[in-house]
Amino acid sequence: MSTLEIKDLHVSIDTEQGSKEILKGVSLTINTGEIHAIMGPNGSGKSTLASTIAGHPRYTVDSGSITLDGEDVLAMSVDERARAGLFLAMQYPVEVPGVTMTNFLRTAKTALDGEAPSLRHWTKDVKEAMSQLRIDADFAQRNVNEGFSGGEKKRVEILQLELFKPKFAIMDETDSGLDVDALKVVSEGHNRVHADGAMGTLLITHYTRILRYIKPNFVHVFVDGKIAEEGGPELADRLEEEGYDRYLTAAKA
Amino acid sequence: MTEITEKARIGAPAIDGFTEEGENLSPLNAAAGPLAGASAKSHSHGGGVGVPDSSRAGRLTSYKADDFGQLTGREEDWRFTPLKRLRGLQSDALVGTAPTVTVSGPEGAELPAGVVVETVGRDDARIGVAGIPEDRVSAAAWEAFKEATVVTIPAEAQLETGVAVVIEGTSTELSAQHVVIVAEKFSKAVVVLDHKGSATVSQNVEIDVQDGADLTVVSVQEWADDAVHASSQQTRVGRDAKFKHVTVTLGGDLVRVTPSTRFTGTGGDAEMFGLYFADAGQHLEHRLFVDHAVANCKSRVLYKGALQGKNAHTVWVGDVLIRKEAEGTDSYEANRNLVLTDGARADSVPNLEIETGLIEGAGHASTTGRFDDEHLFYLMARGIPEDVARRLVVRGFLHEIIQQIRVPALEERLNASLERELEAGNL
Ligand SMILES: Nc1ncnc2c1ncn2[C@@H]1O[C@H](COP(=O)(O)OP(=O)(O)O)[C@@H](O)[C@H]1O
Ligand SMILES: [Mg+2]
């Protein structure tokens, strides 16, 4: 069993007006097999948390810690974090010119495992995962995310989740912009990996819709760079009815 | 055809403000004026309106260097070139030893059966078959060369293996060179011009793709670091002929390749691909011209370049001219650059001039992308180390051109060369 532990995390970014604090003391512990939903309004800092865990250079950690089984994640480079078992399904996956999906997936798998995957099995795995996620086979020959629709990009993120089998998956608004069919396909993809029992999930979302397909054990309400309330799945139902207004008035006051 | 001094002008003004029909009252209203020539009308698609010289149709061509005047660097076609680094190719006598020319099959193998290689004098009838020099440096080489190499693919020959023309420089004396490639009717062949060694050379390559022929010419510039190379590669594409031109420019201090392709019969098809990789201090320039002078021809242009290092400079200019006669033209040109480090500069200028509305299609694109932190983050977030990520992107970016060559041994060699370029830049 693994544990990803975030303690009193303070994060800021450089803006034209100087440094701006975005995360104002976030603490969160996720164990293997658990699904934590982070819900919050736009601009509350959800992506900041996700990107900071992955090590995006834009974010400066002012204080606090992130550890994976006791190892200092903040001391690791971006690729080291991935190799340690952290995976971020991005809210806005970038288009990478000149690199085909096939080449990219194989290169990443090789880097993550420290050795090249057996070609025969790998090709089969990729094909199977693509067809389960209803990704057209010819996407394999296209450049990474280049010209993919929003929904296709999200499916390709989950494709990687299935192929790379991380210890912890952070899904940053994977549900945003998906129609119901795509939402189901993507959720099933996550649930297949989850069923193996070797992964913990941090599911970031703005809406409760995805929680019908991916059942969280814990729900954290994120407002203004902090966790405003925590609870079980029932908290999501309350948010569904009441929205975030209650928290927003409190934050402003 | 030796000492020809005529100037070929197509509606070109000899002096600013004049057309062959008379004086323009004002360049700005030239297009609307009754006296405006063809060149003036085309400007709406090309460079600045009312600057007749900017039309490719009006560009001076001549066999005499002096007709072009001394270069100042302000000329439209020289404005990006550091003239000092031409070492006098533009001004001095080109009397030094030219690079040697060796023609064989691939990798020195026997020449494919039927291919004829000749060394001929200036008066050979095939010289001048593809065009008239389009700039001073090319004209200077035309005036200076003593003998030319002519490679002929005989009519209807379908070559199974390629023809390798190895051009190897051994000195940096100013020199001139002339090569003619003739693909006779209905022949099919791949010819590789393989430039290496040290040289300061102005070169004219003439390519005659006769009716129904299918010719691929790959020009590889893998010169030593001190080489200076100006290469005019003019092609005439005959009726229903197919021509593929691929330039690969990796080595040399200053390399300036100007491929011009003219359709002379209907139904012609031209593809022009190019790849360049500029390191610190290198100046690599490619100026294309596709002249749609007849109806129902198709052209596709794609050049891709990568740049890394301080003062790496690349220039790409793509002139596509669709003349009034060229109804049914289908044309597209694109240039894509990938800047890998700060301090490198990629200039990219597509010029599309269309003189008839009756075309299938015409388009152009130019992008200069930076391999940026977001690309790098995405790849690294999947466990890929930084150096591997950069190489993955560059290799992938340029592979699209390499795979056009379709000569496996050469593709392999060029892939290996690119690996070395990447390593040299510590990428
Ligand atoms: N590059 C940036 N420049 C300025 N402000 C930013 C930048 N990135 C994020 N922010 C600000 O940080 C806050 C949190 O953003 P984000 O983490 O994207 O929130 P969420 O994912 O919850 O919508 C917002 O107020 C946003 O405006
Ligand atoms: Mg977000």
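This passage describes selected features of a predicted model, from a metal site to salt bridges, backbone angles and charged surface patches. Because the model is predicted, local features need pLDDT of at least 70 and side-chain atom pairs count only at pLDDT 80 or more, whereas totals for chains, interfaces and linings use all residues. Residues are numbered from 1 along each chain as its sequence is written, chains are lettered from A and ligands numbered from 1 in the order in which they are written, and side-chain values use heavy atoms, with hydrogens and water left out.

The magnesium ion (ligand 2) is held by two side-chain atoms of chain A, OG of A:Ser47 and OE1 of A:Gln91, at 2.0 to 2.3 Å. A:Ser47 belongs to helix H1 (residues 46–54) of chain A, while A:Gln91 is in the loop between strand S6 (86–89) and helix H3 (101–113) of chain A, so the pair ties together parts that are 44 residues apart in sequence. Donors are here N, O and S atoms within 2.8 Å of the metal (3.2 Å for Na, K and Ca), and since water is not among the atoms, sites may look incomplete. Helices (H or I, at least four residues) and strands (E, at least two) are DSSP runs numbered from the N terminus. With regard to cover, a residue is called buried under 20% relative accessible area, exposed over 50% and partly exposed in between (1.4 Å probe, protein chains only). A:Ser47 counts as partly exposed because its relative accessibility is 23%, whereas A:Gln91 counts as buried because its value is 15%.

The helix that carries A:Ser47 is mostly covered, eight of the nine residues of H1(A) being buried; among these buried residues are A:Lys46, A:Thr48, A:Leu49 and A:Ile53. H1(A) is followed by A:Gly55, which has a positive phi near 95°. Elsewhere in chain A, A:Asn103 is found in helix H3 and is partly exposed, with a relative accessible area of 27%. The C-alpha atoms of A:Asn103 and A:Ala140 are separated by 8.5 Å, although these residues are 37 residues apart along the chain.

Side chains of opposite charge can pair when their charged atoms come close. Taking a salt bridge as a side-chain nitrogen of Lys or Arg within 4 Å of a carboxyl oxygen of Asp or Glu, the count comes to 41 over all chains. One of the salt bridges joins B:Arg59 to B:Asp77, with the closest N and O atoms 4.0 Å apart. This pair links distant parts of the chain, 18 residues apart, with B:Arg59 in the loop between helix H1 (38–41) and strand S4 (61–62) of chain B and B:Asp77 in the loop between S4 and strand S5 (100–104) of chain B. Both B:Arg59 and B:Asp77 are buried, and they take part in a network of salt bridges that also includes B:Arg56, B:Glu134, B:Arg262, B:Asp291, B:Asp319 and B:Arg323.

Two further pairs in chain B can be described. In the pair of B:Glu118 and B:Arg126, the closest N and O atoms are 2.8 Å apart; B:Glu118 is partly exposed at 26% relative accessibility, and B:Arg126 is partly exposed at 23%. The salt bridge between B:Asp347 and B:Arg345 has an N to O distance of 2.9 Å, and here B:Asp347 is buried at 13%, while B:Arg345 is partly exposed at 46%.

Positive phi values also occur in residues of chain B other than glycine. B:Glu156 has a phi near 70°, is found in the loop between strand S7 (147–153) and strand S8 (163–183) of chain B, and is exposed with a relative accessible area of 57%. B:Arg406, with a positive phi of about 60°, lies in the loop between helix H4 (386–402) and helix H5 (408–424) of chain B and is exposed at 59%.

B:Arg406 also joins B:Lys188, B:Lys242 and B:Lys298 in a positive surface patch. Patches are made of residues with over 30% relative accessible area and no salt bridge, with like charges joined within 9 Å and nonpolar side chains (Val, Leu, Ile, Met, Phe, Trp, Tyr) within 5 Å. Lys and Arg count as positive and Asp and Glu as negative, His and the chain ends not being counted. Within the positive patch, B:Lys242 is placed in strand S12 (residues 242–251) of chain B and is partly exposed at 38% relative accessibility. A negative surface patch is formed in chain A by A:Glu234, A:Asp237, A:Glu240 and A:Glu241, of which A:Glu234 lies in helix H7 (residues 233–242).

Technical notes: Areas by Shrake-Rupley, 256 points an atom, 1.4 Å probe, with all protein chains shown as cover. Charge placed at Lys NZ, Arg CZ, Asp CG, Glu CD.
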